[in-house]
Amino acid sequence: AVFDGHGGRLAAQYAANHLHKNTCTAGLVPQSLEGEVVGEKLKHAEVRVSARKAIIEGFKVTDQGLLVESKEKQWVDGATAVC
């Protein structure tokens, strides 16, 4: 991913430090990437849905955390992430 800061680097650094972790912990079943969960085969569509939901949730959680930290620390910059 590429993180582009706007008006400073703090928001971009925050996103770079948190987005991947938040996405990975957002409910994506790690085994689903390999196509199996507890011995059951997953369809490709199920894997795509799981990954899509995890990515969206990861962005939401990162955004919420960034808003809290920005307010507490009075940051005025923002960021864009391209994956």
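A residue is taken as buried when its relative accessible area is under 20%. Thr23 has a relative accessible area of 16%, so this residue is buried. That is a handy place to start with this predicted model, since Thr23 sits in helix α1, and a good part of what follows concerns that helix.

First, the overall picture. Along the sequence, the elements run β-α-β-β-α-β, giving 2 helices and 4 strands in the chain. Of its 83 residues, 24% count as buried. The exposed surface comes to about 6,100 Å², with carbon and sulfur atoms supplying 56% of that area. Contacts across long stretches of sequence are well represented: among contacts with a separation of 6 or more, 70% are between residues 24 or more positions apart.

How far can the model be trusted from place to place? The mean pLDDT of the chain is 82, and 77% of the residues score at least 70. By element, helix α1 (residues 10-24) comes out highest, with a mean of 94, while strand β2 (residues 36-37) comes out lowest, at 51. Where pLDDT is low, the predicted coordinates should not be read in detail. Strand β2, with its mean of 51, is accordingly left alone here.

Back to helix α1. Its 15 residues span 22 Å from the first C-alpha to the last, close to the 21 Å expected at 1.5 Å a residue. The helix does have a kink of about 35°, centred on His18. Its buried residues are Ala11, Ala12, Tyr14, Ala15, Leu19, Asn22 and Thr23. An α-helix has 3.6 residues a turn, so residues three or four places apart point the same way. Such spacing turns up in the buried set, which includes Ala11, Ala15, Leu19 and Thr23.

Thr23 looks both inward to its own helix and across to other parts of the chain. Its side chain reaches the backbone oxygen of Leu19 at 2.9 Å, and Leu19 is itself one of the buried residues of α1. Setting aside residues up to four places away in sequence, Thr23 touches Ala54, Ile55 and Gly58.

Next door in α1 is Asn22, which counts as buried because its relative accessibility is 10%. What does its side chain pair with? The side chains of Asn22 and Thr62 are joined by a polar contact of 2.9 Å. Beyond its neighbours within four places in sequence, Asn22 is in contact with Gly58, Val61 and Thr62. Gly58 therefore appears in the contacts of Asn22 as well as in those of Thr23, given that contact means heavy atoms within 4.5 Å.

The other helix, α2 (residues 44-73), holds Glu57. Is Glu57 buried, partly exposed or exposed? Its relative accessibility is 35%, so Glu57 counts as partly exposed. Glu57 also has a C-alpha lying 6.0 Å from that of Ala26, although the two are 31 residues apart in sequence.

Past α2, in the loop that leads to β4 (78-82), comes Gln74. Its phi is near 55°, a positive value in a residue other than glycine. With 69% relative accessibility, Gln74 counts as exposed.

Notes:
Residues are numbered from 1 along each chain as its sequence is written. This is a predicted model: local features need pLDDT of at least 70, side-chain atom pairs count only at pLDDT 80 or more; totals for chains, interfaces and linings use all residues. Side-chain values use heavy atoms; hydrogens and water are left out. pLDDT is the predictor's confidence in each residue, from 0 to 100. Buried means under 20% relative accessible area, exposed over 50%, partly exposed in between (1.4 Å probe, protein chains only). A polar contact is a pair of N or O atoms within 3.5 Å; within protein, one must be able to donate a hydrogen and the other to accept it, and residues adjacent in sequence count only if both atoms are side-chain atoms. Accessible areas come from the Shrake-Rupley method with a 1.4 Å probe; for residues, only the protein chains shown count as cover. The expected span of a helix is 1.5 Å times one less than its number of residues. The bend at a residue is the angle between axes fitted to the seven residues ending there and the seven starting there.
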